[in-house]
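Student: I am new to this structure and should be grateful for a close look at a single part of it. Please begin with one pair of strands and then place that pair in its surroundings.

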Amino acid sequence: MDLLFILVLAIFLGFELISKVPSTLHTPLMSGSNAISGITLVGALTSLNSEALNKSGLTVVLAVAAVAFATINVVGGYMVTDRMLAMFKKKEKAPKGAK
Amino acid sequence: MAQLISELSKNKDIIIGICYIISAGLFIFGLKFLSSPATARRGNFLSALGMFIAVVITLWSKNVIDFKWIVIGVIIGALIGAIASRVITMTQMPEMVALFNGFGGIASLLVGWSAFVMAPQALTPVSNLTFIAVILSVLIGGVTFTGSIIAWGKLNGLVYQKAFLFPGQKFINLILVLGILTSAVLVCIPGVGGKNILFYIVIGGAFVLGVMSVMPIGGADMPVVISLLNSYSGIAACAAGFAINNILLIVSGALVGASGIVLTKIMCKAMNRSLANVLFSGFGSVTTAKGAGETGEISPINAADAYLILEAANSVVFVPGYGMAVAQAQHAVRELGELLEENGCDVKYAIHPVAGRMPGHMNVLLAEANVSYDLLVEPGDVNPTMETVDVCMVIGANDVVNPAARDDETSPIYGMPIIEVDKAKTVFVLKRSMGAGFAGIDNPLFFKPNTRMLFGDAKASVSALVSEFKET
């Protein structure tokens, strides 16, 4: 029950945070949240525990694949988001020529 | 120091808990800083730092022992991720995000799967709840994975891009969903035999369902689909968190899930369609009967004449669409924009929320071309002052500037908020030919007396205007 309670609060917080993101940044928002959903990496790492290794080879294969996919998300997601955000610059207004 | 470490080791759970809270906090600040382009990059860094802390603390915790396997997985993933993030062009961003959504989904599926393999087969009420979470993470993860692969294929042209419908589709989908649900429920009920088989049926069914749900959706509805799959990938991570009882996965997954839902809602609102309509109607698969059969004279213009009008203009609004991305015209557009500014003209870029193939697609392309972000405005900012705009340049956009959405109640897109370019003093429409837009609807804008058609490749047309400016 505790976990569900936290889940609901997190969802509300998510709605609040995301509605404040301007539409200009919606693409970086998506790639950035891609990276956050790579948090599954933490889950994949905990699946690679000693118990799992002794149990069967299948769990190792599954967990290593999960680690690889989640790492793609984390590394690729943050790097591409950073690359994009670096492009968003505010330029000094060019002096307006008289017309 | 050694004593301190041994003392800390005894309280591992507390330390892990604290670190997870810090990570979640950093994710939240990361998203908060995305509220302005000025702070966004720092926010992304904070978010990455949060992820780093979470991963390091998880590795440190005693349960994880076999680093050999972890290193293999991490190196493969990091290499692919790093290379992909460097070589991708901004035009391809929707494809990359679609693919990454899919990877998030499959990762959650695999975590759920390995939790299933690990779970005691003799079920107790407690593990029963875990089973439900496992099934959910596998189901949502699987749908996200194959759905994203199809979306990716539709974006880069590997898969049929229009809505794909066939007779009996709804019936087959219904059978599929019922089959998955039955198997899923049976897996969760204690004492039912053949759980492994049933579990594989759920996985396979989820894969098929993902394909079936994205195939009927046309190319220009991809902003909605990608947002929705983004949300699914978060929900899958969340379910995986419940499956392995990890609170950080639950919170982060919920944040991503909420993010995707908000974006989906914005996209649907920008098209004045319900989510159900986008997902199930097969919009754009058939060319519907043309409303009033708009007729009238179209007035073409050449670059030399267009230049004369632009040269005299005091304010110009660019309205980019997917056509600009296809023609890779963003750099030429920025150059033209700068020349106009030097000429004393007020330049803005009006961007419709569904322009392009994903939310914010046009903004990123223009930012890449070095357009200052304060010049990028939303329809609501520019519409009220449209009458005072001298020239509106529509570059590769069609449906989002179609006045029929405002005036013609019989139009399929009636009610969709548009950028009211027809109210500007002069409208230039840069277009390859007189073909209809994605929705297959005639655009009365082309026949308005204040509209001039500049036919040809968008990049070539804009470059021609740029050279006109430079020559004089």
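Tutor: Let us begin with strand E1 of chain B, residues 315-320, and strand E4 of chain B, residues 391-395: the two run parallel and are joined by 5 bridges. Within this pairing, B:Phe318 on E1 stands opposite B:Met393 in E4(B). The model in which these strands appear is a predicted one.

The pair belongs to an open sheet of 6 strands in chain B, whose order is E3-E2-E1-E4-E5-E6 and whose pairing is parallel. At the edges of this sheet lie strand E3 (376-377) and strand E6 (451-455) of chain B, each of which pairs on one side only.

Chain A, the partner of chain B, has 5 helices and 0 strands, and its pattern along the sequence is α-α-α-α-α. Of its 99 residues, 59% count as buried. Where contacts in chain A link residues at least 6 apart in sequence, 69% of them join residues at least 24 apart.

The two chains meet through 84 residues of chain A, which are in contact with 95 residues of chain B. On the side of chain A that touches chain B, at least two residues come from each of helix H1 (2-19), helix H2 (26-37), helix H3 (40-47), helix H4 (50-55) and helix H5 (57-85) of chain A. The largest share, 27 residues, is supplied by H5(A). Sorted by class, this side of chain A holds 49 nonpolar, 26 polar and 9 charged residues.

Terms used
Residues numbered from 1 in each chain as written. Chains lettered and ligands numbered in written order. Predicted model: local features only at pLDDT ≥ 70, side-chain atom pairs only at ≥ 80, totals over all residues. Helix = DSSP H or I, 4+ residues; strand = E, 2+ residues; numbered from the N terminus. Buried ≥ 20, exposed ≤ 12 C-beta atoms within 10 Å, placed from the backbone. Contact = placed C-beta atoms within 7 Å. Pairing = 2+ DSSP bridges. Nonpolar A, V, L, I, M, F, W, Y, C, P; charged D, E, K, R; others polar.
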